[in-house]
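Biologist: Please pick one part of this chain and take me through it closely. Start with the lead-in to that part, then follow its links outward.

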Amino acid sequence: MSVTLTEINQVMQEADLLYTPDQLNVAMDQMAEGINRDLAEANPVVYSVMNGALVLTGHLVTRLKFPLEISYLHATRYRNKTVGSDLDWRAFPAQDVTDRSVLIVDDIYDEGGTLAAIVDHCYEAGARDVKIAVLVNKDHERKVRPEMEVHYEGLKCIDRYIFGFGMDYKGYWRNADGIYAVKGM
Ligand SMILES: O=P(O)(O)OC[C@H]1O[C@H](OP(=O)(O)OP(=O)(O)O)[C@H](O)[C@@H]1O
Ligand code: HPA
């Protein structure tokens, strides 16, 4: 899909700001409080789900006050588009998680296909316990695994296409320091 910088700039100009940087900081403080409480003794592997979790992971792990290891994986359903499809593993999880506690960090829990596949993979790889931390949980009835527990959730968001703080619009604006909704989407 080709996209012009004119479109990218226009999307930002017309977007609705949903969450300010201050609101995101409060949300991440609350997430960290829960994680510090639950995982302080767990010696977890923290898996950052690229690319979207890049920004959140950096902000979140500096709030965690216990020993942990950080790794990454890249699984994408959207491929810089605004509609998801099948899951494409671009970087498979490489850390040995046998009998380890795992914390998966992702920017957004939308339909949940991505997180469901990652959780399944971690358990198949021998993880003892898998917890999920997401900055945003999109509010709708299309979750692919409605019973899946999200252990640490920063914020809810309305059912619109959002970007910023790691989330992209056609590959852009992951660097925005707030969270925005695209006009008309
Ligand atoms: O709950 P779901 O409907 O599965 O969507 C959530 C996933 O989609 C986004 O990743 P994306 O596929 O856009 O890859 P990217 O992070 O590399 O942009 C996001 O970072 C989540 O990982
Ligand atoms: O609303 C969204 N924005 C950006 N990336 C996403 N991946 C799933 N849903 C979204």
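Modeller: Asp99 lies in the loop between β4 (88-91) and β5. This is a predicted model, and what follows describes that prediction. Phi of Asp99 is near 60°. That is a positive value, in a residue other than glycine. Is Asp99 buried or exposed? Asp99 is exposed, because it has 9 other C-beta atoms within 10 Å, and a residue with 12 or fewer counts as exposed.

Now step into the strand itself. β5 is mostly covered. Eight of its nine residues are buried.

What pairs with β5? One partner is β2, which runs parallel to β5 and is joined to it by four bridges. Within that pairing, Tyr47 has Ile104 of β5 as its bridge partner. Another partner is strand β6 (residues 129-138). β6 also pairs with β5 in the parallel sense, over eight bridges. Here Ile104 stands opposite Ile132 in β6. Ile104 is thus named in both pairings: with Tyr47 and with Ile132. In general, strands of a sheet pair through backbone hydrogen bonds, either parallel or antiparallel.

Next, the ligand. Which element gives the most to the shell around ligand 1? β5 does, with four residues. In total, 18 residues surround ligand 1. The closest are Gly52, Thr76, Tyr78, Asp110 and Thr114. Three elements give two or more residues to this shell: β2 (45-50), β5 (101-109) and α4 (113-124). So what is the chemical mix? The shell divides into five nonpolar, seven polar and six charged residues.

Go past the end of β5 and you reach a loop. Gly112 is in that loop, between β5 and α4. Gly112 counts as buried, because it has 21 C-beta neighbours inside 10 Å, and the cut-off for buried is 20 or more. Gly112 and Pro146 are 34 residues apart along the chain. Their C-alpha atoms are separated by 8.5 Å.

Ligand 2 comes next. Its surrounding residues are Tyr78, Ile108, Asp110, Tyr161, Ile162, Phe163, Met167 and Asp168. Two of these names, Tyr78 and Asp110, also appear among the closest residues to ligand 1. By class, the shell around ligand 2 has six nonpolar, no polar and two charged residues.

Ile162 leads to another sheet. Ile162 stands opposite Ala181 in β9. Strand β9 (residues 179-181) is joined to β8 by two bridges, and the two strands run antiparallel. They belong to an open sheet of three strands, in the order β1-β9-β8, with antiparallel pairing. The edge strands are β1 (16-19) and β8 (162-163), and each pairs on one side only. After β8 comes Gly164, in the loop between β8 and β9. Gly164 is buried, because 26 other C-beta atoms lie within 10 Å. Gly164 and Asp88 are 76 residues apart along the chain, and their C-alpha atoms are separated by 22 Å.

Back to β2, the partner of β5, and the loops around it. Asn43 lies in the loop between α2 and β2. Phi of Asn43 is near 50°, again positive in a residue other than glycine. Asn43 counts as exposed, because it has 12 C-beta neighbours inside 10 Å. On the other end, Asn51 lies in the loop between β2 and α3 (54-61). A cis peptide bond joins Met50 and Asn51, with omega about -5°.

Helix α2 (residues 21-39) closes the tour. Does the length of α2 fit or clash with its residue count? At 1.5 Å a residue, its 19 residues should span 27 Å; the end C-alpha atoms are 26 Å apart, which agrees. The buried residues of α2 are Leu24, Met28, Met31, Ala32, Ile35 and Leu39. They cover an arc of only 105° around the axis, so they sit on the same side of α2. Asp22, Glu33 and Arg37 are exposed on the other side.

Last, a record. An unreviewed UniProt entry annotates residues 27-169 as "domain: Phosphoribosyltransferase". In the model, that span is 23% helix and 31% strand. Its end C-alpha atoms lie 22 Å apart.

Key. Residues are numbered from 1 along each chain as its sequence is written. Chains are lettered from A and ligands numbered from 1 in the order in which they are written. This is a predicted model: local features need pLDDT of at least 70, side-chain atom pairs count only at pLDDT 80 or more; totals for chains, interfaces and linings use all residues. UniProt positions are given in the numbering used here, feature names are shortened, and annotations may be inferred rather than shown by experiment. A residue is near a molecule or strand if its C-beta atom, placed from the backbone, lies within 6 Å of it. Ala, Val, Leu, Ile, Met, Phe, Trp, Tyr, Cys and Pro count as nonpolar, Asp, Glu, Lys and Arg as charged, and the others, Gly among them, as polar. Two strands pair if DSSP finds at least two bridges between them. The expected span of a helix is 1.5 Å times one less than its number of residues. The arc is that of the directions from the helix axis to the C-beta atoms.
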